[in-house]
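Biologist: Please take a close look at one part of this model, the side of chain B that touches chain A. Which elements give two or more residues to that side, and what lies around them?

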Amino acid sequence: MTVEKQFLGSEQIVTQQLHSHQFENGLVLVAEPMDWLESAAFAILLPAGYTRDPDGKLGLANFACELIQRGSADRDNRQFVEDLDRLGTDRSASVAASHSSFGAATLAENLLPSLQIFTDMILQPHFPEDEVEDARQVCLQELFAAEDELAQRTIQRLRHRHYGSPYGRRVQGDEASIRSFSRTDAVDFFRTHYRPDKAILSVAGKFEWPKLKDHIGSLLSEWKSVEVPDVTEHSPIFGYEHISFESSQTHIAVAFPSVPYADPNYFQARGAVGVLSDGMSSRLFTEVRENRGLCYTVYASCHSLKQRGSVVAYSSTSTDRAQETLDVLLHELTRLFQGVEQGELDRLKARLKSSVVMQQESCAARCSSLASDWYHLRRMMTMDEIKGIIDGLTCESINQYLADHPPERFTVVTLGEKQLEVGKYVS
Amino acid sequence: MFREKKLANGLEIIAEINPNAYSAAFGFFVKTGSRDETPEIAGVSHFLEHMVFKGTPKRSAADVNRELDEIGSHSNAYTSEEQTVYYATVLQEYQDHAIDLLADIMRPSLRQEDFDTEKKVIIEEIYKYDDQPPFGAHEKCMAKFYGDHALGYSVLGSVESVTGLTPEAMRNYFQQRYSPGNITLVGCGQIDFDRMIAQAEELCGGWQAFDAPRDIQRPAVHHEFELIHKPTATQEYVVQICDGPEATDPDRFANRVLAAIIGDDSGSRFYWEFIDSGLAEYAGLGPYEFQGAGITMTFLSCAPQDTDANLQRLVDVIRKVETDGVTQDEVDSGAEQDNFAIGEAK
């Protein structure tokens, strides 16, 4: 499928081409040529997120992600890294709730050789026995380092209560599991979850579509699919939890249910949260930081899983002002549902439109958006379509959405020296 | 394409024009930072950076924030040892408004009420970093290394020094440092340079010029060791500083490549020794170049029980470079990374 649109961006007529192709094994390739750049970026999303960690083996997706990069085809661990460095790649590997992702940005001329290295990794990984201990140590280091990141710890605990298992798990798993992993565990996980039928390969930047499609087809045609059952979800906990900790600040995280990205109302919710938190004139920045000086950091954002959405807010402040900060934060979150105003919406639209146009300057940003669109919507949104949605947002449409979707329940987690009062907001 | 112009009062304007870009970025780069402070006003450069957004005779703080959003800007500011930078990225059609707004806030009112509220924000910012790894180790190491020299001052200042600051002290500092001759207006992207010059003449041409000197003699440095116990931390964090080339030293390029070979994020000697093996969560080495001074900073984080052995490994890696040098392959790999950074920016 190819979509072509012309649009006016900053007084330039730009032709946007979006390509997608599904190979016989189910793998979907989505791509956007950006001929005005000298670079290209790609990302491979595999349906191997931490929600696939078996019970009792939490952190296995992360361990497999680490071990699979330690040798494949005719490369050992060192050659894998050195070949990618020689190609000047800026690469990443990460595990999220639904996917393990590998990606890189590089000079356009190095796109295909870089892709080859990653496809070799998926098709011919070694999972070398003599790298298992090092991979385990890396996973343990990540686990220990996360303990010192207090904001991350607070939000992780919030996710745990708000989503329940498995979506609220932490990617690092637990120490006992990590210490128990063997090569066989990683290989079994790989064979089950690194499969093409729910994988997405996204490419953006300077490349030729027919050549790219043929190249990927020839590289990955041997990749075979397997059947895997859906994940089983457990009920969330919700409510309030305080983690007692001797720290300079109290860290405050709040969540309430919202709609996922694929919901027809998503952009109404996104607009409302934008009024709350996008930009320096947004409500949270104004009321919590500018008018009261309660904190340095405060924000709220939309978070979307495939089937579920939520709004997550965070702030941190010194112990004696934590209660007031939480009160103002919760007050603003609930006041939002009384509606947004025209001036607020106009500013938000200006910011969102800027962001959409500026995305055209970054192949990595477009690559990420294409993959995300395909995962959530099974199609890609053109910039025209997104601009149309932004233009179509009105106070009436957002306020109607807010009136129809009052926050049913808040989940609150605080970390610091004193427990706070959450009162009427959390049952 | 590069363009430049200097106004009569000393304000420099430079631009890199790219007609293929979708956006335009503008910034005022002020040559002032924590190294231009005294202990009594430690943190004033950074506090002033916040206050610049708090309004002018023409605009309230709320006006500034509202207008930055109305033009859809992605804007921010930062302060370092040597400079304070204010910038906004906008679509091309908002060039005039963005420059008008940025130029206006460069002459801030510094009102008492705004000052008192913002002081609380600054103190929360200090507490925020207190809670984050490496828990102030970077600032403490700089302070040890430079002793009484201002390069050893924390950019944020301390809770005590910020609490003691007054609008008058900040005004004095502003009047000593924000001379047009000490400021550069920079534009980048799809910009109309002639309009930019005309605007700068109109909006900044009346700024009074004065001397804003900086002592750039190479400071004395000190070699010490300090252990700070933080019982709540899980990992141990090590920061080590040694002398390095200053900002105009021809050796700085060789030092940057050497630092990448030893301590880059990927494929470096530290990477293979510490990161790939999981012996440490992070190990890196990087150069910081100042006027008349330079440092190379090493950073290590790992489990406390592994720190001794890791420090010995760190010494061994450096010793091996000293005795055996580096390979051509290592130098080429660093150069390839630079090529990508340039290609991406085109």
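Modeller: pLDDT is the predictor's confidence in each residue, on a scale from 0 to 100. This is a predicted model, in which local features need pLDDT of at least 70, side-chain atom pairs count only at pLDDT 80 or more, and totals for chains, interfaces and linings use all residues. Residues are numbered from 1 along each chain as its sequence is written, while chains are lettered from A and ligands numbered from 1 in the order in which they are written.

Confidence comes first. Residues 339-346 of chain B stay under a pLDDT of 50, and the model has 13 contacts for them beyond four places in sequence; a contact means that two C-beta atoms, placed from the backbone, lie within 7 Å. Where pLDDT is low, the predicted coordinates should not be read in detail. Chain B as a whole averages a pLDDT of 95, with 96% of the residues scoring at least 70. For the complex, the predictor gives an ipTM of 0.94 and a pTM of 0.95.

Now the side you asked about. In chain B, 51 residues are in contact with 52 residues of chain A. The elements of chain B that give two or more residues to this side are helix H2 (61-70), strand E5 (84-91), helix H4 (112-130) and helix H12 (328-345); helices (H or I, at least four residues) and strands (E, at least two) are DSSP runs, numbered from the N terminus. H4(B) gives the most, nine residues. By class, the side of chain B that touches chain A holds 15 nonpolar, 20 polar and 16 charged residues. Here Ala, Val, Leu, Ile, Met, Phe, Trp, Tyr, Cys and Pro count as nonpolar, Asp, Glu, Lys and Arg as charged, and the others, Gly among them, as polar.

Helix H2 of chain B offers one residue to follow, B:Asn65. Leaving out residues up to four places away in sequence, B:Asn65 touches A:Met280 and A:Ser281. B:Asn65 has 23 other C-beta atoms within 10 Å and is therefore buried; the cut-offs are 20 or more for buried, 12 or fewer for exposed, and partly exposed in between, with C-beta atoms placed from the backbone. Along the chain B:Asn65 and B:Ala303 are 238 residues apart, and their C-alpha atoms are separated by 44 Å.

Strand E5 leads into a sheet. In chain B, six strands form an open sheet with mixed pairing, in the order E1-E2-E6-E3-E5-E4; two strands pair if DSSP finds at least two bridges between them. Strand E1 (2-6) and strand E4 (74-79) of chain B each have a single partner strand, so one side of each has no neighbour in the sheet. E4(B) and E5(B) run antiparallel and are joined by six bridges. Across this pair, B:His74 stands opposite B:Thr89 in E5(B).

Finally, the interior. The largest nonpolar core has 107 residues, and those with the most contacts inside it are A:Val254, A:Val312, A:Leu329, B:Ala98 and B:Leu102. Such a core is a set of buried Ala, Val, Leu, Ile, Met, Phe, Trp, Tyr and Cys residues joined through C-beta atoms within 7 Å. Not counting residues up to four places away in sequence, A:Val312 touches A:Ile155, A:Leu158, A:Ala253, A:Ala255, A:Ala300, A:Ser301 and A:His303.
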